[in-house]
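Please open the model in your viewer and keep the selection tool at hand. We will go from one selection to the next, pausing at each to see what is there.

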Amino acid sequence: MTAHILLVEDEVKLARFVELELSYEGYKVSVAHDGLTGLTTARESHPDLVILDWMLPGLSGLEICRRLRSTGVMVPIILLTAKDEVSDRVAGLDAGADDYVVKPFSVEELLARVRAHLRRTQEANTDILQFGNLSLNRRTREVFRGTRLVELTAKEFDLLEYLLIHPRQVITRDRILEEVWGYDFMGDSNIIEVYIRYLRLKLEANEEKRLIQTVRGVGYALRE
Ligand code: CA
């Protein structure tokens, strides 16, 4: 599967150079030259990784980072920055960036970071899904709340897995029906409420914090 990388960089020459290098490595690349376009593209095109320049017209890279994270977008973000002071690095990481590369950088170094972050996501995507102290193993189909093993039925497991794949996002009932029960499901859509109730009972059996929140009139979200 080809990874899709979004590059947000206002220096057109540098952007072109990095775009060519990334394409040459086989990545699909989108480029934005200002902050607002970058943020919109990041939200709409669901890239696998974002390379984000810090100083951008419109909206800074740091601000884009914050806004993405505050809406639950967990894509790996590498910040490009000319600032090399420790406090700036901390600000970048505080804003939710995963990594930063200081300009001027060697393209080899950038490519190595890109590979490392994509590999990490792929590994994370495989078996274990986690949220707070809740973890779900897709291979063994075991679910733990902290150290407590939680026994789930097949459908409860599927529903929880679906929520865990989309942490912090509001998932509509329709989407849950389609994705977990399937398009051809003809039964009562109240079934979702019933299953959410079962899941909560089991996940909160020891009075643990609620993780599956109801978003009134819309659906559900996995949030602390
Ligand atoms: Ca810049």
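Begin by selecting valine 143, which, leaving aside residues up to four places away in sequence, touches Leu134, Ser135, Leu136, Arg148, Leu149, Val150, Leu152, Phe157, Leu160 and Leu203, where contact means heavy atoms within 4.5 Å. This is a predicted model, in which local features need pLDDT of at least 70 and side-chain atom pairs count only at pLDDT 80 or more, while totals for chains, interfaces and linings use all residues. Residues are numbered from 1 along each chain as its sequence is written, and side-chain values use heavy atoms, with hydrogens and water left out.

Next, widen the selection to the largest nonpolar core, which has 26 residues, and in which Val143, Leu159, Leu160, Leu164, Ile176, Trp181 and Ile212 touch the most other members. A nonpolar core is a set of buried Ala, Val, Leu, Ile, Met, Phe, Trp, Tyr and Cys residues joined through side-chain atoms within 4.5 Å; buried means under 20% relative accessible area, exposed over 50%, and partly exposed in between (1.4 Å probe, protein chains only).

Apart from this core lies another, of 20 residues, including Leu6, Leu39, Leu68 and Ile77.

Finally, select the calcium ion, whose protein donors, Asp10 (OD), Asp53 (OD) and Met55 (O), lie 2.1 to 2.3 Å from it. Donors are N, O and S atoms within 2.8 Å of the metal (3.2 Å for Na, K and Ca), and water is not among the atoms, so sites may look incomplete. Are the two aspartates buried or exposed? Aspartate 10 counts as partly exposed, at 29% relative accessibility, whereas aspartate 53 is buried, with a relative accessible area of 3%.
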